[in-house]
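User: I would like to go through this model with you and ask, for each term you use, what justifies it.

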Amino acid sequence: MCGIVGYIGNREAYPILINGLYRLEYRGYDSAGIAVLNDNIQIHKCKGKVSDLEKHIANNKIIGNIGIAHTRWATHGEPNDVNAHPHYSESRELAIIHNGIIENYLTLKEELIKRGHEFRSATDTEVLMNLIEDIQKNEQVELVEAVRIALSQVIGAYAIVVLSKDNPNMLVAARKGSPLVIGIGKDEFFLASDATPIVEYTQNVVYLNDEELAVVQLGEELKIKTIKNKDKIPYVQKLQLSLSALEKGGYDHFMLKEIFEQPRSIRDSFRGRLNARKGDVQLGGIIDYEQKLINAKRIIIVACGTSWHAALVGEYLIEDLARIPVEVEYASEFRYRKPVIYEDDVVIAVSQSGETADTLAAIELAKSRGATILGICNVVGSSIARMTDAGSYTHAGPEIGVASTKAFTAQVTVLILLALRLAKIKGTISTSRFYTLITALESIPKKVENTLKVNDQVKSIAEKFMDVRNFLYLGRGYNFPVALEGALKLKEISYIHAEGYPAAEMKHGPIALIDDEMPVVFIATKKGTYEKVLSNIQEVKARKGKIIAIVTKGDTTVKEVADFTIEIPATEELLVPLLATIPLQLLSYHIAVMRDCNVDQPRNLAKSVTVE
Ligand code: F6R
C-alpha cells in the first residue's frame with residue numbers, strides 16, 4: 001500500500017527519495033510523486049510507476065537537501081496526476097504525503113470550504129493539508145503545533161510527513177495506524193513507511209508509535225511527542241535487515257527468489273526452537289503464556305488472505321495435537337460481527353506484514369474484551385508485533401513479492417511448533433509421536449529443496465494451461481488450506497479465476513463446472529483421506545476434467561488417472577502443507593510469467609493492506 005520516504009541532511013535529497021520509492025514499489029501503488037524544497041517547494045507527480053515519475057521529471061533539475069516522496073494506492077479519488085501525493089497547501093508553503101484514510105474528511109472539508117478554502121484534488125490528504133495551514137494561520141501557531149492540533153481533530157488512520165517552506169531545516173511526521181520509521185544518520189534523518197529505503201544509509205531507527213508526532217531538524221536530536229502533547233524519549237533500535245535481502249539476487253522476480261528461499265526460511269523459522277536430539281520444542285516469545293494457552297476455553301486465530309490459510313492449517317494442527325478448540329476468523333469479519341469473546345480466550349493474530357488494518361482492528365477489539373493477544377508476524381517491530389501481549393516472529397526475512405510464498409510456509413512452521421509445544425505440555429501427545437514429528441520437521445528443509453526440483457516440470461505443465469479461464473483446486477484435511485492457497489496464488493498473480501474447495505464439497509456444487517476444458521488441481525498425497533480423494537479424482541475424470549495432481553513420491557495409482565502428476569517427498573501428514581504448497585506456488589508463478597503479468601506487483605494489490 002502507499003509508501004512514504006523523507007530525507008533531510010547534507011546530501012542531495014532527490015536520488016535518495018527516488019531510490020527509496022523504488023525500494024517501496026513492492027508495497028503496490030498506482031501513482032508516485034516527490035517534493036523537494038529549494039527556496040520554494042517543487043512538486044512533481046504522476047499516475048503510473050516510479051520509472052514514469054523519473055521520465056516525467058527528466059528535464060528538470062531537482063536540487064535541495066530536504067524532501068518527501070510517495071507512492072499512492074488510491075483510496076479517495078481515482079489514480080491520476082492530481083490525486084497523487086505530495087499535496088501542496090493552498091498557499092503552496094506546505095506540502096504533505098499521507099498513508100491511511102481520514103474518515104471524517106468530508107466534515108472537515110465542508111468546514112474548510114465554508115471558511116473559503118478551495119481544493120484541487122479529491123483526496124482526504126489535501127483536506128488534512130489545508131486544515132494544518134488553516135490552523136497555523138488562524139491560530140498563529142508554529143508548524144509542529146498546527147500539525148498536532150489538526151491531528152487531534154482527525155478520525156482515521158495516518159502516517160504523514162509535512163514539508164514547510166518557512167522551516168527549511170525541519171520535517172514533521174506523525175502516525176496512527178499506519179507505520180512510520182525514522183532512520184538516524186550522522187547529521188541526517190530518513191523517514192519511511194518501512195525500513196527498506198533506510199537500510200543502506202543507517203542501521204539506527206526509531207519506530208514511531210500510534211498517536212506520536214516526530215520533529216526531525218538538522219543539527220538537533222530527534223524529538224517525539226504525543227498528539228496529546230506529552231514529550232517522549234525516542235527508543236533507538238538497530239535494524240536487523242541486510243541489503244541483499246532486498247535484491248533479486250539473480251532471479252527474474254522476487255517471487256521466484258522467495259519460493260526458492262524456502263528451505264532457508266523454514267529452517268530459520270524453527271532454528272533455536274526445535275531440538276530433535278533433546279526432543280524439545282520451545283517458543284521463547286510465548287513461554288509466559290503457555291499455561292494460559294493450554295487452559296484457554298478456546299483459541300481464536302485472526303488473519304487475512306494467505307495468512308488466514310496458514311491459520312486454518314494452525315487450527316487443524318492445534319486441535320489435532322493439543323486438543324484445544326480453535327476458531328479461525330477473517331479479521332475483517334470478526335471485527336464487525338459482534339463476536340463473543342471471553343477473558344480466558346487467547347487470540348492469535350497471524351500476519352506477514354504485521355500492519356494489516358483489519359487484523360489490527362480485530363486485535364484491538366479482542367483486547368478491549370480482556371482476551372490475551374498473541375502474534376505470529378514476520379516483520380520485526382511491526383504494529384501487530386508491538387500491540388500483542390507476546391508472540392513469535394516467523395523469521396522468513398523480508399518478503400518483497402506481493403504474493404506471499406515463504407511467509408506462508410514460515411507461518412505454518414511456527415504454528416506446527418506451537419501445536420507441538422502445547423501438545424507436549426498438555427500431555428496430549430506420546431513421547432514417541434512427538435519425537436517422530438520433530439525429527440520429520442527437521443528434515444523438511446531438505447525435502448523442500450527436493451520439491452523445488454519439480455520447477456521445470458511445473459513450467460511445462462504451466463505452458464499447457466496458461467490460456468485457460470478457470471481453475472479448480474481441491475484437497476481434504478491438511479490439504480484443504482493448501483488448495484485454498486494454491487487458488488489464491490493463481491488468481492492474484494495471473495488473473496485467472498480460480499477456486500479452492502474441500503474435495504468432498506465438489507459434488508455439492510462445483511462439479512457442475514467440470515467439462516473437458518476445466519483444469520482441476522488435486523492435492524492427493526498419501527495417508528489421511530487419500531482413498532477418498534482418489535474417488536473425487538475419479539468423479540472429475542468421469543466428467544473429462546483435466547487433472548493435475550500433487551502426489552507423494554512413488555504413487556502409481558493417481559498417475560493412472562491424472563493427466564499430470566507432480567511428486568513431492570513423503571512426510572508426516574500434518575507437515576504436507578510445507579511441501580505441497582511449493583509446486584502450486586511455482587505453477588502460478590510460471591503461468592503468470594507466460595501471461596506477461598507483473599508477478600511481483602499484481603494489479604490492484606498491495607503488500608501490506610493498511611486500510612480496511
Ligand atoms: C496473498 C497475500 C495476501 C496477504 C493478506 C494479509 O498472497 O499476500 O492475501 O496474505 O493481505 O497480509 P498480512 O499477512 O501481511 O497480514
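**Domains and the ligand site**

Analyst: In this predicted model, the protein is divided into domain 1 (3-244), domain 2 (248-442) and domain 3 (452-602). The C-alpha centres of domain 1 and domain 3 lie 45 Å apart.

User: Why is the ligand said to lie between domain 2 and domain 3?

Analyst: Because domain 2 (248-442) and domain 3 (452-602) both give residues to the shell around the ligand, it lies between them. Among the elements of that shell, α9 (305-322) and α17 (479-494) each supply at least two residues.

User: What makes a residue part of the surroundings of the ligand, and which are the closest?

Analyst: A residue counts if one of its heavy atoms lies within 4 Å of the molecule; 15 residues surround the ligand, and the closest are Ser 307, Ser 351, Ser 353, Thr 356 and Glu 492. By class, the shell holds five nonpolar, eight polar and two charged residues.

User: How do you know that Thr 356 makes a polar contact with the ligand?

Analyst: The cut-off for a pair of N or O atoms is 3.5 Å, and a polar side-chain atom of Thr 356 lies 2.4 Å from an oxygen atom of the ligand, so the pair qualifies as a polar contact. By that cut-off, Ser 353 also qualifies, since one of its polar side-chain atoms lies 2.6 Å from a ligand oxygen, and so does Ser 404, where a backbone N or O atom is 2.9 Å from an oxygen atom of the ligand.

User: How much of the ligand does the protein bury?

Analyst: Taken alone the ligand exposes 400 Å², and the protein buries 91% of that.

How values were computed. Residues numbered from 1 in each chain as written. Predicted model: local features only at pLDDT ≥ 70, side-chain atom pairs only at ≥ 80, totals over all residues. Heavy atoms only, no water. Domains from an automatic or database assignment. Polar contact = N/O pair within 3.5 Å; in protein donor to acceptor, adjacent residues only side chain to side chain. Areas by Shrake-Rupley, 256 points an atom, 1.4 Å probe, with all protein chains shown as cover. Helix = DSSP H or I, 4+ residues; strand = E, 2+ residues; numbered from the N terminus. Nonpolar A, V, L, I, M, F, W, Y, C, P; charged D, E, K, R; others polar.
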